[in-house]
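Here are a few exercises to work through with the structure in view. Try each task yourself before you read its solution.

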Amino acid sequence: MANKYCVANWKMNFNSQQGKEFISSLNSKDLNNGQSQIILCPSFTSIFSIVDASKNSTVRIGAQNMHFENSGAFTGEVSANMLNELGVNFVILGHSERRHIFGESDKMIQSKMIQSIENGLIPILCIGEKLSDRESGNTKKVLRSQLEFGLENVSGEYIIAYEPVWAIGTGKSATSEMVAETHGVIRNILADLSIHDNVSLLYGGSVSPENASQLSAVQYVDGFLIGGASLDVEKFYNIYLDL
Ligand code: PGA
């Protein structure tokens with residue numbers, strides 16, 4: 001059986017103080033109630049203090065990105081090894097904002113996948129189609145190509161997050177039917193690629209307390225990657241309880 005995850009992607013929000021306030025109110029709640037592993041992904045500058053603040057809790061920490069080399073002349077970048085040293089366990093890779101705003105290629109993402117695993121991190125590989133892909137009937141093709149490239153020569157533990165680009169930050173989540181269909185498509189692609197079926201498959205894109213229970217009931221939904229709603233501890237906790 002795949003593990004379940006409830007992942008907060010704080011993006012470029014929350015400084016250390018705000019992150020610590022979030023975690024202290026989250027820690028005051030019963031975190032043994034839900035069935036999923038909570039992962040908080042703060043910005044690089046907050047990681048140190050958020051790891052510290054989560055020391056005595058079941059919450060785990062992820063980064064939102066990393067570089068594909070372990071060291072060298074890459075001004076402004078952060079490596080997997082540096083993250084691991086801080087106590088980070090997970091890293092989001094290939095988020096659509098990285099792909100589309102910062103021009104990350106499948107090749108870069110694949111190198112990051114390998115580098116992260118070699119450094120003891122569990123990567124969360126994000127894939128998803130744009131609205132134009134869906135409207136032109138290319139969803140399956142896009143997802144297959146992102147998975148084939150992203151997972152080439154990758155072995156070890158990883159998580160996959162399906163995040164349709166048009167659903168991210170728009171308040172317009174995919175419907176349960178769409179998620180059921182697309183997660184089924186992804187499972188078939190993974191089977192074609194001989195990838196074992198206990199890889200966790202998350203959904204992300206406007207997940208909220210209003211749609212979480214419906215979406216979590218969908219087959220092959222092993223958790224959520226949550227942006228906007230993860231900035232509000234009550235909303236995030238309610239989503240966690242629905243998983
Ligand atoms: P959202 O973001 O929940 O605000 O749509 C999800 C994500 O970008 O991971």
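**Exercise 1.** Classify how helix α7 (residues 139-150) and helix α8 (residues 176-192) lie relative to each other.

*Solution.* Step 1: helices, like strands, are DSSP runs numbered from the N terminus (helices H or I, at least four residues; strands E, at least two). Step 2: the axes of α7 and α8 are 10 Å apart, at an angle of about 45°; axes are lines fitted to C-alpha atoms, for helices over the stretch in contact, and angles run from 0 to 180 degrees between N-to-C directions. Step 3: angles under 35 degrees count as roughly parallel, over 145 as roughly antiparallel, 65 to 115 as roughly perpendicular and the rest as oblique. Therefore α7 and α8 are oblique to each other. Step 4: to see who touches whom, look for contact (heavy atoms within 4.5 Å): T139, K140, L143, R144 and L147 of α7 meet T182, V185, I186, I189, L190 and D192 of α8.

This is a predicted model, where local features need pLDDT of at least 70 and side-chain atom pairs count only at pLDDT 80 or more, while totals for chains, interfaces and linings use all residues. Residues are numbered from 1 along each chain as its sequence is written, and side-chain values use heavy atoms, with hydrogens and water left out.

**Exercise 2.** Do the same for helix α1 (residues 16-27) and helix α10 (residues 233-242).

*Solution.* Step 1: their axes come within 10 Å and cross at roughly 45°. Step 2: α1 and α10 are therefore oblique. Step 3: F22, S25 and L26 of α1 make the contact with V233, F236 and Y237 of α10.

**Exercise 3.** Describe the surroundings of strand β5 (residues 122-127).

*Solution.* Step 1: 6 of its 6 residues are buried, meaning under 20% relative accessible area (exposed is over 50%, partly exposed in between; 1.4 Å probe, protein chains only). Step 2: I122, I124 and C126 point one way, and P123, L125 and I127 the other. Step 3: β5 pairs in the parallel sense with strand β4 (residues 90-93) over 4 bridges, and likewise with strand β6 (residues 159-162) over 4 bridges; pairing needs at least two DSSP bridges. F90 stands opposite I122, and C126 opposite A161.

**Exercise 4.** Why does C126 form no disulfide?

*Solution.* Step 1: a disulfide here is a pair of cysteine sulfur atoms within 2.5 Å. Step 2: the closest cysteine sulfur to that of C126 is in C41, 9.3 Å away, so too far for a bond. Step 3: the whole structure has 0 disulfides.
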